[in-house]
Amino acid sequence: KEKTMIAKLKRHCLTSIVAVSVAVTSLPALAGSHQIKLRMSTPASATDARSVALQEVFAPAVAGFASYEAHYNGSLIKQNSELEAIASGDLEMSITSAQELAQYFPEFSIFATGYVHQNAAHQVAVFNDDLMKPFKKKVEDELGVKLLSIMYLGRRHVNLRQCRDEVNVRTPADLAGVNLRMPGTDAWQFLGKALGANPTPMAFTEIYTALSTSSVDGQDNPLPTVVDAKFYEVTCQIALTSHLVDLNYVAFSKAVWDGLSADQQAEVQSAAEVAAESGRQNQLQKEADLVSFLVEKGMEIYEPDLAAFRNHVQNLYLTTSASEPWPEGVLDKINALGN
Ligand code: KDO
């Protein structure tokens with residue numbers, strides 16, 4: 001009798017384990033069919049700190065109801081076309097920039113202005129300040145894009161293929177005639193001119209080849225990008241101009257956002273902030289560590305006359321039409337939020 005009881009118990013357990021395992025295996029499939037697809041496109045590589053932060057922090061946090069699908073190196077949507085793709089429903093997320101947004105809303109150029117943001121903390125303070133509300137609302141209402149959080153890209157420096165014995169960058173005058181690749185929007189081209197160089201518009205993914213064939217003289221990206229994209233293999237010097245403490249925004253489809261429950265919206269918002277903070281810390285650490293790495297690779301790295309660069313850059317913004325789209329008082333508020 002007892003034996004049959006044990007046998008029955010075993011059989012019962014076995015069937016229930018099988019039943020549970022079937023249920024469990026079918027759950028993800030069930031959940032999968034209701035999961036929202038979040039395609040993200042970026043010109044950045046998979047190993048860039050911002051890409052890693054979204055893949056390793058954002059994606060798992062929303063995995064209960066959304067499947068995150070990253071596309072790197074501009075492979076799905078080319079650089080500077082992501083916002084349009086989100087607006088038209090062909091993309092759900094991107095790592096966008098104030099320079100790209102400034103094409104639709106010129107006032108965004110204030111956040112892309114040389115020597116305004118002082119550091120990563122200043123960027124976060126500005127993004128979370130009330131001054132940002134009208135900027136964010138306009139992008140939601142007119143472009144269908146929600147700016148969830150702010151990512152730290154880093155201090156941009158002038159990175160040239162020529163060594164110092166050929167081009168020694170002390171002041172903007174030393175960049176006269178230098179063919180400096182800048183990203184392809186007006187705000188970027190203006191910054192290249194403000195540095196004293198001849199700016200050439202070019203997509204991020206074309207820079208390495210352009211440097212290796214000398215079709216451009218240089219580019220400007222933060223040290224982590226110089227390492228991640230291996231620009232040090234085709235350049236000789238970095239003048240630490242820190243001409244832009246650069247940022248990106250995690251851009252999210254407003255149409256998808258509006259379809260989420262309040263809980264799901266809260267999870268997406270929190271995941272975007274936690275991911276941005278994780279990427280920021282990672283990028284700041286890289287910036288601290290990579291000077292020695294690059295010097296070991298033979299790069300000449302030095303500080304130019306920062307006052308000369310700061311004055312030349314700020315002067316061009318303030319004495320030309322570049323500052324016209326800036327809403328009254330915003331620059332003062334941004335400066336007040338700096339330390
Ligand atoms: C670049 O094209 O130099 C740039 O740094 C511009 C940024 O706004 C951003 O698009 C970045 O490229 C990519 O994320 C690649 O790092």
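In this predicted model, D130 counts as exposed, at 53% relative accessibility, and its side chain meets that of K133 in a salt bridge with an N-to-O distance of 3.1 Å. K133 is likewise exposed, because its relative accessible area of 54% lies over the 50% cut-off. This pair belongs to the 12 salt bridges that a search of the whole structure finds.

Another of these charged pairs joins D174 to R170, with the closest N and O atoms 3.3 Å apart; here R170 is partly exposed, with a relative accessible area of 44%. Salt bridges can also share partners, and in this way R156, D220 and D246 are joined into one network.

A buried setting is found at E92, whose relative accessible area is 8%. Which residue forms a salt bridge with E92? The partner is R39, and the closest N and O atoms of the two are 2.7 Å apart. Because E92 lies in the loop between α3 (82–87) and β3 (93–96), while R39 lies in strand β1 (residues 36–41), the pair ties together parts that are 53 residues apart in sequence.

E287 offers a case of a buried charge without such a partner: E287 has no salt bridge although it is buried, and the nearest side chain of opposite charge, that of R155, is 4.9 Å away. That distance does not satisfy the salt-bridge criterion, because the criterion asks for a side-chain nitrogen of Lys or Arg within 4 Å of a carboxyl oxygen of Asp or Glu. R155 is nevertheless among the residues in contact with E287, and when neighbours within four places in sequence are left aside, the contacts of E287 are Y152, G154, R155, P222, L223 and P224.

The place of E287 is in helix α11, which covers residues 262–296, and this helix leads to the way in which helices are packed in the model. Two packed helices are described by the angle between their axes and the distance between the axes. For helix α2 (residues 49–62) and α11, the angle is about 150 degrees and the axes are 8 Å apart; the two helices are therefore roughly antiparallel to each other, and their crossing is right-handed. On the α2 side the contact is made by A49, A53, L54, V57, F58, A61 and V62, and on the α11 side the residues include E267, V268, A271, A272, V274 and A275, as well as S278, G279, N282, Q283 and K286.

A further packed pair is formed by helix α7 (residues 186–194) and helix α12 (residues 306–318), which meet at an angle of about 130 degrees with their axes 9 Å apart. That angle makes α7 oblique to α12, and the crossing of α7 and α12 is right-handed. From α7 the contact draws on A187, F190, L191, K193 and A194, and from α12 on H312, V313, L316 and Y317.

How many of the 9 residues of α7 are buried? The count is 7, so α7 is largely enclosed by the rest of the structure. The buried residues are A187, W188, Q189, F190, L191, G192 and A194; of these, A187, F190, L191 and A194 also take part in the contact with α12. Just after α7, the chain reaches G196, which takes a positive phi of about 100 degrees.

How values were computed:
Residues numbered from 1 in each chain as written. Predicted model: local features only at pLDDT ≥ 70, side-chain atom pairs only at ≥ 80, totals over all residues. Heavy atoms only, no water. Helix = DSSP H or I, 4+ residues; strand = E, 2+ residues; numbered from the N terminus. Buried < 20%, exposed > 50% of the residue type's maximum accessible area, 1.4 Å probe, protein only. Lys, Arg positive; Asp, Glu negative; His and termini not counted. Contact = heavy atoms within 4.5 Å. Axes fitted to C-alpha atoms, helices over the stretch in contact; angles between N-to-C directions. Parallel < 35°, antiparallel > 145°, perpendicular 65-115°, else oblique. Left-handed = near helix turned anticlockwise from the far one by under 90°.
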